[in-house]
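Let's take a walk through this one together, stopping at a handful of places worth a look. Have the viewer open and follow along.

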Amino acid sequence: MKTSHFQPDQTSLAYSVGITLDRFIKLKQSDFPFASGELSQLLRDIALAAKIVNRETNRAGLANIGGAFGQTNVQGEEQQKLDVIANIRFMRALSKGGEVCAIVSEEEDAVIDLQNNSGKYVVAIDPLDGSSNIDVNISIGTIFSIYRRKSPIGSPIQLEDIMQPGREQVAAGYVLYGSSTMLVYTTGCGVNGFTYENSLGEFFLSHPDIQAPKTGNIYSINEGLQLEWENGISAYIQSCKNQKMQSRYIGSLVADFHRNLLKGGIYLYPATLKNPSGKLRLLYEANALAFIIEQAGGKASDGKQRILDIQPESLHQRTPLLIGSVQLVEEVEQSVAFHLGLVTV
Ligand code: AHM
Ligand code: MG
């Protein structure tokens with residue numbers, strides 16, 4: 001009888017389909033010379049919580065978990081029930097795993113000290129971004145950053161463990177709860193995207209080695225705030241219109257970012273009169289997406305400097321965010337500098 005042996009290609013990491021997130025994380029562990037598996041386990045913990053939040057997001061219309069929770073968070077924004085639920089799910093997943101010593105969350109006033117001094121990692125998370133969109137069935141997301149603690153393992157956590165600039169991230173990612181649910185993450189060796197297969201309960205690699213197009217045709221900004229922008233931003237948006245670029249703005253950061261990452265474009269949330277430091281938070285939103293876009297070959301700036309170089313001074317610090325295709329971000333930076341009189345042409 002003629003037989004043959006199944007011989008998978010062991011040499012190539014260019015997987016196209018069929019590889020689960022768990023297996024991918026395991027295969028990639030060797031990218032970290034000193035990794036002992038904790039970061040891999042932490043990513044798996046996040047993926048598990050994402051599956052639970054995905055399930056609850058899908059049921060929101062049925063299970064009386066849409067709508068407002070009746071309280072405001074530390075930033076004075078009305079919390080939605082799903083904000084609170086997602087926060088609890090991620091907190092539980094991160095505290096049970098044992099790898100994390102501290103968590104900072106957009107939904108929590110203060111640092112959550114897990115009293116786990118042997119934990120190596122600090123996590124910053126926005127458990128459910130864009131949650132004002134839940135009740136109208138628009139895509140929402142989770143955004144996370146992972147840092148290695150600075151203080152010695154075994155000692156109590158310190159402020160320096162939390163207040164690290166974004167360039168110190170060891171991993172970052174987001175989950176997009178959209179027409180399909182995706183998890184996209186980087187550990188500093190490129191960006192990979194996984195799509196959730198509901199019936200199997202698994203994320204599968206669907207977007208290996210994502211590269212942000214160097215330029216693009218999409219600009220995403222809340223144009224209702226135009227009268228509140230600085231001149232450099234107004235001039236840049238006018239130039240987008242002159243070039244007949246496409247205006248696309250969902251008002252849900254993860255969804256807007258994800259579209260522009262894949263198609264090429266720029267997302268802008270600049271300083272406004274109401275929010276002179278911008279609206280988005282450095283620790284929970286901007287840093288993770290900045291790490292991802294740089295790993296994909298794009299750029300993230302506050303208009304004057306690289307997002308990843310900003311030294312955080314407070315937990316809930318906000319920052320202007322200009323992020324996406326490298327050429328477009330450089331153009332808006334030039335426009336801002338020109339209108340501030342910092343460069344002449
Ligand atoms: P949130 O963290 O309270 O959900 O706010 C963040 C959201 C982003 O998802 C979105 O890009 C932005 O706020 C939209 O703001 P605006 O409604 O001012 O355009
Ligand atoms: Mg948010």
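Start with E294, which counts as partly exposed at 26% relative accessibility. One thing to keep in mind as you look around: this is a predicted model. What does the side chain of E294 meet in a salt bridge? The partner is R306, at 2.9 Å from N to O. E294 sits in helix α7, which covers residues 282-295, while R306 is in the loop between β15 and β16, so this pair ties together parts that are 12 residues apart in sequence. R306 is partly exposed too, with a relative accessible area of 33%.

That pair has company. Salt bridges that share partners link R167, E294, R306 and D309 into one network. Within it, R167 bridges to D309, and the closest N and O atoms there are 3.0 Å apart. Find R167 in the loop between α4 (159-162) and β7 (169-177), then D309 in the loop between β15 and β16 (318-319); the two are 142 residues apart in sequence, so their bridge ties together quite separate parts of the chain. Are these two buried, exposed or somewhere in between? R167 is partly exposed, with 45% relative accessible area, and D309 is partly exposed as well, at 33%.

Now for a salt bridge in another setting. E285 pairs with R281, with 3.4 Å between the closest N and O atoms. Here E285 is buried, at a relative accessible area of 1%, and R281 is buried as well, at 2%. To count as buried, a residue has to fall under 20%, so both E285 at 1% and R281 at 2% qualify. If you'd like the tally, a search of the whole structure turns up 14 salt bridges.

While you're in this part of the chain, have a look at S301. This serine belongs to strand β15, residues 299-301, and it is buried, with a relative accessible area of 0%. Which residue does S301 pair up with in space despite a gap of 22 residues in sequence? That would be I323: the C-alpha atoms of S301 and I323 are 6.4 Å apart.

Next, swing over to ligand 1. There are 17 residues around it, and the ones that come nearest are D129, Y249, L253, Y267 and Y269. Two of those five also turn up when you look at polar atoms. The side chain of Y249 puts an N or O atom 2.5 Å from an oxygen atom of ligand 1. L253 does its part through the backbone, with an N or O atom 2.7 Å from an oxygen of the ligand. E106 joins in as well: a polar atom of its side chain lies 2.9 Å from a ligand 1 oxygen.

How much of ligand 1 does the protein bury? Taken alone, the ligand exposes 470 Å², and 82% of that is buried by the protein. As for where the shell comes from, the elements that give two or more residues to it are β5, β13 (265-269) and β14 (280-281). By character, the shell residues split into five nonpolar, five polar and seven charged.

Let's head out to the surface. V136, I138 and I250 make a nonpolar patch there of about 230 Å². V136 is found in the loop between β5 (121-129) and β6 (140-148). The bar for exposed is over 50%, so V136, with 55% relative accessibility, clears it.

Last stop: a couple of backbone oddities. Which sign does phi take at Q115, a residue other than glycine? It is positive, near 55 degrees. Q115 lies in the loop between β4 (112-113) and β5, and with 65% relative accessibility it counts as exposed. K244 also has a positive phi near 55 degrees without being a glycine. Look for K244 in the loop between α5 (231-242) and β12 (246-247); at 67% relative accessibility, K244 is exposed.

Conventions:
Residues numbered from 1 in each chain as written. Chains lettered and ligands numbered in written order. Predicted model: local features only at pLDDT ≥ 70, side-chain atom pairs only at ≥ 80, totals over all residues. Heavy atoms only, no water. Patch = residues over 30% accessible without salt bridge, like charges linked within 9 Å, V, L, I, M, F, W, Y side chains within 5 Å. Areas by Shrake-Rupley, 256 points an atom, 1.4 Å probe, with all protein chains shown as cover. Salt bridge = Lys/Arg side-chain N within 4 Å of Asp/Glu carboxyl O. Helix = DSSP H or I, 4+ residues; strand = E, 2+ residues; numbered from the N terminus. Buried < 20%, exposed > 50% of the residue type's maximum accessible area, 1.4 Å probe, protein only. Near = heavy atom within 4 Å. Polar contact = N/O pair within 3.5 Å; in protein donor to acceptor, adjacent residues only side chain to side chain. Nonpolar A, V, L, I, M, F, W, Y, C, P; charged D, E, K, R; others polar.
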